[in-house]
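Me: I should like to work through this structure by question and answer. Please reason each reply out step by step.

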Amino acid sequence: GYEVSGTVRRVSSPTNLWRLADLGLLGRINLIPADMTDVGSLIAAISQAQPNEIFNLSAQSFVGASFQMPHTTAQVDALGVLNVLEVIRYGDKSIKVYQASSSEIYGGMVDSESLDENSPKNPASPYAVSKLFGFHTVRMYRKAYGIFAVNGILFNHDSIYRGLEFVSRKITNHVAQVALGLTKEKLRLGNLDAIRDFGFAPICVESMWTMLQQDKPDDFVIATGIGHSVKEFVEYAFSLIDEDWREYTEVSQTEMRPLDVARLVGNPAKARAQFGWSPQVTFRELIEIMVEADIRRWKQYKLGKNFPWDVVVGA
Ligand code: GDR
């Protein structure tokens, strides 16, 4: 029942909208040009859409790339949040804001088994530092100006629409190519021992909406509560096509980050107690869904049919 507007960055080449097209949503969403670093464009977009709710999901979201582009990352992921909040502060203060915060703000586990809203935050990448700025800015604007602004502290959330640069989809895309005999290349990975809390994105995204429907603005961890290593991910993904992952992968220094967080596992008890959050999809089910989708895409490719633009041969 919502009327949805989404912002797009205008560039000289065609805008990447393949996910909306694949979901049949193109044409149902009102697309408005805007850029998080350009506050004038945000004023224009917000006055055009006149939203009741804003979901700030825009970001330079690749942790690895933030080491190469710290400045851009900070402009978009930190100051961009401030820009949106300033537009609301001097405009319609009744607009509710969801801020996509991130488990990366913790920078790893301290002593506790799993991380909750109050766990210490020691960011370990330009991305994480920027997201922590956004996190605190949201809390500060909530207290100082009474704006209904919330942080969803989401741990990894993956789906068939993940970009290929992220580890989950990089693996499932490669597994699909191996299954169909489309590549002889080895999959080059970085830190296989990293432990992450892998959830299913559609279920996590629903919680973003739920947070804005609460009586009071607050921050919530959204996680499965269970950690798995990258090695476990790759092992199970290859087992689905009856192959041994060790024959198809190699560790490459180029995929290692200057700093990587060893373990991030969330404790979603607060979200569970307040609005019945539950992850619903297991780690194995998530990998099955992703491998199946990539095999389907590559089969279509073999038949000469259309496939999403980011499925690159031999990638
Ligand atoms: P992450 O996602 O950094 O957790 O951030 P990513 O999939 O990039 O990395 C997960 C872990 O896997 C290790 N890894 C590799 N990562 C990538 N990308 N490529 C590799 O080849 C590779 N090999 C091992 C990484 O070092 C890391 O430990 C995601 C993003 O969606 C963020 O925007 C979001 O905030 C957090 O999840 C929650």
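Me: Which residues does Asn-267 touch, not counting residues up to four places away in sequence?
Reply: This is a predicted model, and every value below is computed from it. Asn-267 is found in the loop between β12 (249-251) and α9 (269-275). Leaving out residues up to four places away in sequence, the residues that Asn-267 touches are Ser-114, Leu-115, Asp-116 and Val-221.

Me: Is Asn-267 buried, partly exposed or exposed?
Reply: A residue is buried under 20% relative accessible area and exposed over 50%, with partly exposed in between. The relative accessibility of Asn-267 is 24%, so Asn-267 counts as partly exposed.

Me: Which backbone nitrogen does the side chain of Asn-267 reach?
Reply: The loop that holds Asn-267 runs between β12 and α9, and α9 spans 269-275. At 3.0 Å, the side chain of Asn-267 reaches the backbone nitrogen of Ala-269.

Me: How far apart in space are Asn-267 and Leu-25, C-alpha to C-alpha?
Reply: In sequence, Asn-267 and Leu-25 are 242 residues apart. In space, C-alpha to C-alpha, the separation of Asn-267 and Leu-25 is 33 Å.

Me: Is Arg-196 buried or exposed?
Reply: Arg-196 lies in strand β8, residues 195-196. The cut-off for buried is under 20% relative accessible area. Because its relative accessibility is 7%, Arg-196 counts as buried.

Me: With the side chain of which residue does the side chain of Arg-196 make a polar contact of 3.4 Å?
Reply: Not counting residues up to four places away in sequence, Arg-196 touches several residues, among them Glu-104, Asn-156, His-228, Asp-260 and Arg-263. The polar contact of 3.4 Å joins the side chain of Arg-196 to that of Asp-260.

Me: How far from an oxygen atom of the ligand does a polar side-chain atom of Asp-260 lie?
Reply: Asp-260 was met above as a residue that Arg-196 touches. Asn-156, also touched by Arg-196, has an N or O atom in its side chain 2.9 Å from an oxygen atom of the ligand. For the polar side-chain atom of Asp-260, the distance to an oxygen atom of the ligand is 2.8 Å.

Me: What percentage of the ligand's accessible area does the protein cover?
Reply: On its own, the ligand has 700 Å² of accessible area. The share of this area covered by the protein is 97%.

Me: Which elements give two or more residues to the shell around the ligand?
Reply: The ligand is surrounded by 24 residues, and the closest are Ser-61, Ser-102, Tyr-127, Lys-170 and Gly-190. By class, this shell has ten nonpolar, six polar and eight charged residues. The elements that give two or more residues to it are α6 (167-179) and β7 (187-189).

Me: With the side chain of which residue does the side chain of Gln-60 make a polar contact?
Reply: Gln-60 is in the loop between β3 and α3 (63-66). Its relative accessible area is 13%, so Gln-60 is buried. Residues that Gln-60 touches, beyond four places away in sequence, include Met-69, Thr-73 and Tyr-127. The polar contact, at 3.2 Å, is with the side chain of Thr-73.

Me: Which helix gives the most residues to the largest nonpolar core?
Reply: The largest nonpolar core has 42 residues, and those with the most contacts inside it are Tyr-98, Ile-171, Met-211 and Ile-222. With seven residues, the helix that gives the most to this core is α10 (residues 283-302).

Me: How many residues does the second, separate core have?
Reply: Among the residues of the second core are Ala-34, Leu-42, Ile-88 and Ile-95. The number of residues in this separate core is 19.

Me: What is phi of Gln-50, a residue other than glycine?
Reply: Gln-50 is in the loop between α2 (39-49) and β3 (53-56). Gln-50 counts as exposed because its relative accessibility is 64%. Its phi is positive, with a value near 45°.

Me: Where is Gln-280, which has a positive phi although it is not a glycine?
Reply: The phi of Gln-280 is about 65°. At 57% relative accessibility, Gln-280 counts as exposed. Its place is in the loop between α9 and α10.

Notes
Residues are numbered from 1 along each chain as its sequence is written. This is a predicted model: local features need pLDDT of at least 70, side-chain atom pairs count only at pLDDT 80 or more; totals for chains, interfaces and linings use all residues. Side-chain values use heavy atoms; hydrogens and water are left out. A nonpolar core is a set of buried Ala, Val, Leu, Ile, Met, Phe, Trp, Tyr and Cys residues joined through side-chain atoms within 4.5 Å. Buried means under 20% relative accessible area, exposed over 50%, partly exposed in between (1.4 Å probe, protein chains only). Helices (H or I, at least four residues) and strands (E, at least two) are DSSP runs, numbered from the N terminus. A residue is near a molecule or strand if one of its heavy atoms lies within 4 Å of it. A polar contact is a pair of N or O atoms within 3.5 Å; within protein, one must be able to donate a hydrogen and the other to accept it, and residues adjacent in sequence count only if both atoms are side-chain atoms. Accessible areas come from the Shrake-Rupley method with a 1.4 Å probe; for residues, only the protein chains shown count as cover. Ala, Val, Leu, Ile, Met, Phe, Trp, Tyr, Cys and Pro count as nonpolar, Asp, Glu, Lys and Arg as charged, and the others, Gly among them, as polar. Contact means heavy atoms within 4.5 Å.
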